[in-house]
Structures are given as structure tokens and as C-alpha cells.
Amino acid sequence: MEPDDKDIREALTAGMPADDAFWAAQRARIMSRLGPRRAPWRRWGAVTAAACAFAAAVLLRPSRLPRGPLPPPNMELIQNLELVENLDLLEDLDVLEGAR
Amino acid sequence: MEREWVRAAQSGDEAAFGRLVGLHQKALFAFLLGMTRRTDAADDLAQEAFLKAWKALPGFKGESAFRTWLFQIALNLARSWGRRPKWLTFFSGGGEDTPSGDWLEARPDTGSDADPGRAADRDDLRRRIDAGLARLSSREREAFVLKYVEDMKISEVAAVMGAAEGTVKSHLFHAAQKMRAYLERTDGAR
């Protein structure tokens with residue numbers, strides 16, 4: 001038996017409720033679940049408000065650096081640095097090279 | 001008339017939306033039944049599609065027909081349903097989600113043949129078409145169901161599927177080839 005378009009359509013839709021009551025009940029179920037919907041401008045308003053709140057939270061967050069008076073300088077480190085600068089090692093090397 | 005209902009529903013007229021539901025609910029159910037092969041799933045997804053349409057209606061620009069837009073929503077839902085984990089079937093009311101002969105036998109014969117032999121032939125053909133459908137890829141099945149159940153033009157099938165017309169033609173060609181091959185093979189096996 002060679003199927004035609006009608007056979008195929010029938011096969012695909014077999015099981016469709018034939019009772020009008022089914023369709024009325026389905027429609028009633030759908031209608032009872034229609035909730036209030038937001039207007040598009042209200043949706044965009046909510047998105048903008050959320051973005052502003054996020055930006056404010058990022059900008060106004062407390063800094064991770066410690067606040068208050070700075071700690072005293074490390075005098076030992078400063079002295080070592082001055083010593084290295086005064087050594088002027090490159091100049092000494094040039095003198096040694098010239099004496100050869 | 002439909003355009004007026006759509007416009008009224010967009011501005012919140014529930015009665016107008018109810019008329020749109022009445023106009024499209026059978027076609028949408030038939031499409032979802034073809035896609036899911038389960039009446040309970042078709043019913044759930046059809047309701048879900050209408051509720052999504054209601055919420056999204058203010059943003060509907062009318063660039064396509066309302067039916068096309070509604071079927072796009074339904075197709076997306078059907079695709080998600082198809083991708084759901086199999087274990088969910090257990091909680092959603094049974095494991096009859098494969099298009100097997102058992103599933104078909106549970107359905108009433110909607111035909112009107114007085115001849116029992118002819119009715120049996122047609123029933124057998126239905127069973128084979130149903131099983132053949134399971135052998136199609138998901139995109140082939142979508143195109144096949146939209147074309148044969150809804151009798152949509154290629155351009156509308158393409159719009160619903162979000163595919164090029166050439167792609168839809170290719171899906172339909174392969175679907176028909178596979179279906180014909182399967183029917184011929186099973187015809188000899190009876």
C-alpha cells in the first residue's frame with residue numbers, strides 16, 4: 001500500500017483529541033495562566049537600574065589598600081641603596097682596564 | 001481579523017488572545033504531536049508556547065505572520081524537550097516517548113473505514129510511517145512535520161526553522177528518501 005500525503009498526515013496526527021471539550025479545557029488552562037506582563041519600557045528600566053546599581057557597587061567599594069598613617073621607612077634598606085650608588089663600580093672597572 | 005486580534009492582544013486584551021489561541025491551538029498541538037509523538041508532551045508544550053507568546057507579544061513586530069512566530073516559539077520548546085535528559089521521562093509520566101508500535105496501538109483509530117481489512121492496512125501503514133519518522137534526523141523531522149502536518153509552504157517552513165529554503169528542500173528530500181526506503185523495506189517484511 002503506497003502512502004500518499006493524506007496517509008502521512010493521518011499517521012502523524014493520529015491521537016489528536018477529537019473532543020471539542022479537550023480544546024475548550026486547554027484554552028481555559030492557558031487563559032487562567034496568563035499573568036500580568038511587564039511593558040517593554042519597564043523591562044529596560046529594570047535592566048538599567050540593575051546596571052547602575054552594579055556600577056555604583058564597583059565604584060564605591062572600599063579600597064583594599066590599608067588606610068591610616070604610612071609605616072616608618074626602612075632605614076637599613078635606604079643605607080644599603082646609598083652605598084651601592086656610591087660604589088660607582090663601572091667607573092672603577094674603566095680605571096682598571098686603562099691600567100693594563 | 002487576525003491582525004486586529006494580535007494588535008488588541010499586544011495591548012493586553014486577553015479576550016483577543018483567547019481568540020488567537022482558539023484559532024491556532026489545534027494546528028500547534030498537531031505539530032507538537034508530530035515532533036514529540038506524545039500527547040501529554042504536545043499538550044504541555046502547546047500551553048507553554050501560548051504563554052510565552054503572550055509574554056513576548058508586546059515585542060512582536062509583525063515582520064512575519066503570527067502563526068510563523070508562534071510556531072518558532074513552539075519549535076524551540078520542542079527542541080529543548082528533545083534535548084532533555086532521559087531520566088526526566090521517568091518523572092514526566094512514563095517512558096513512551098519513542099515512536100514505537102506500542103505507542104501507536106494505544107491511540108484511537110480516527111479513520112472511518114467500514115472494511116476491517118482496509119482499516120487494518122491503514123493502521124499498519126500508520127505504524128510504519130511512525131517508525132520511519134524515528135529514523136529521520138531532528139531537522140529532517142521538523143521539516144517533514146511542518147510540511148506534511150501543517151501543509152506549510154517551503155518559505156514558511158524555512159522561516160519557522162530559521163533555515164534557508166534550499167536547506168529545507170534538502171531536509172525534505174532526504175526525509176522522503178529515508179521514509180520511502182523504510183516503507184518499502186517493511187512492506188516486504190510483513
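What follows is a walk through a predicted model of two protein chains, A and B.

Residues are counted from 1 along each chain as its sequence is written, and chains are lettered from A in the order in which they are written. Since this is a prediction, local features need pLDDT of at least 70 and side-chain atom pairs count only at pLDDT 80 or more, while totals for chains, interfaces and linings use all residues; side-chain values use heavy atoms, with hydrogens and water left out.

On confidence, the model comes with an ipTM of 0.77 and a pTM of 0.69. For chain B, the average pLDDT (the predictor's confidence in each residue, from 0 to 100) is 84, and 83% of the residues reach at least 70. One stretch of chain B, residues 93-111, stays under 50, and the model gives that stretch 42 contacts (heavy atoms within 4.5 Å) beyond four places in sequence.

Chain B is built from 10 helices and 0 strands; these elements are DSSP runs numbered from the N terminus, with helices being H or I of at least four residues and strands being E of at least two. Out of its 190 residues, 47% count as buried, meaning under 20% relative accessible area, with exposed over 50% and partly exposed in between (1.4 Å probe, protein chains only). Among the contacts in chain B with a separation of 6 or more, 62% join residues 24 or more positions apart.

Aromatic side chains give some good examples of such links. Over all chains there are 10 aromatic pairs; rings of Phe, Tyr and Trp (its six-membered ring) pair if their centres lie within 6.5 Å, and planes under 30 degrees apart count as stacked, over 60 as edge-to-face and the rest as tilted. B:Phe17 and B:Phe50 meet edge-to-face, 6.4 Å centre to centre with 85° between the planes. This pair ties helix H2 (residues 14-36) to helix H3 (residues 39-56) of chain B, across 33 residues, and both partners are buried. B:Phe31 and B:Phe71 make a tilted pair, at 5.3 Å and 45°, joining H2 to helix H4 (residues 66-83) of chain B, 40 residues apart. B:Phe31 counts as buried because its relative accessibility is 0%, and B:Phe71 is buried at 0% too. B:Arg67 sits over the face of B:Phe71, 5.9 Å from the ring centre; the rule asks for NZ of Lys or CZ of Arg within 6 Å of the ring centre and within 35 degrees of the ring normal.

Then there is the interface, where 28 residues of chain A touch 43 residues of chain B. The two chains bury about 3500 Å² between them, 63% of it on carbon and sulfur atoms; buried area is the accessible area (1.4 Å probe) that two parts lose on being put together, summed over both. An aromatic cluster takes in A:Phe22, A:Trp23 and B:Phe29. In helix H1 (residues 5-13) of chain A, the buried residues include A:Asp7, A:Ile8 and A:Leu12, and the buried set of H1(A) packs against H2, helix H7 (116-133) and helix H8 (138-148) of chain B. Just after H1(A), A:Gly15 has a positive phi of about 105°.

Helix H3 of chain B holds B:Gln47, which is buried because its relative accessibility is 6%. Beyond its neighbours within four places in sequence, B:Gln47 is in contact with A:Gln26, A:Arg29, A:Ile30 and A:Arg33. A:Arg33 also forms a salt bridge with B:Glu48, with the closest N and O atoms 3.7 Å apart. Across the interface there are 4 salt bridges, each a side-chain nitrogen of Lys or Arg within 4 Å of a carboxyl oxygen of Asp or Glu.
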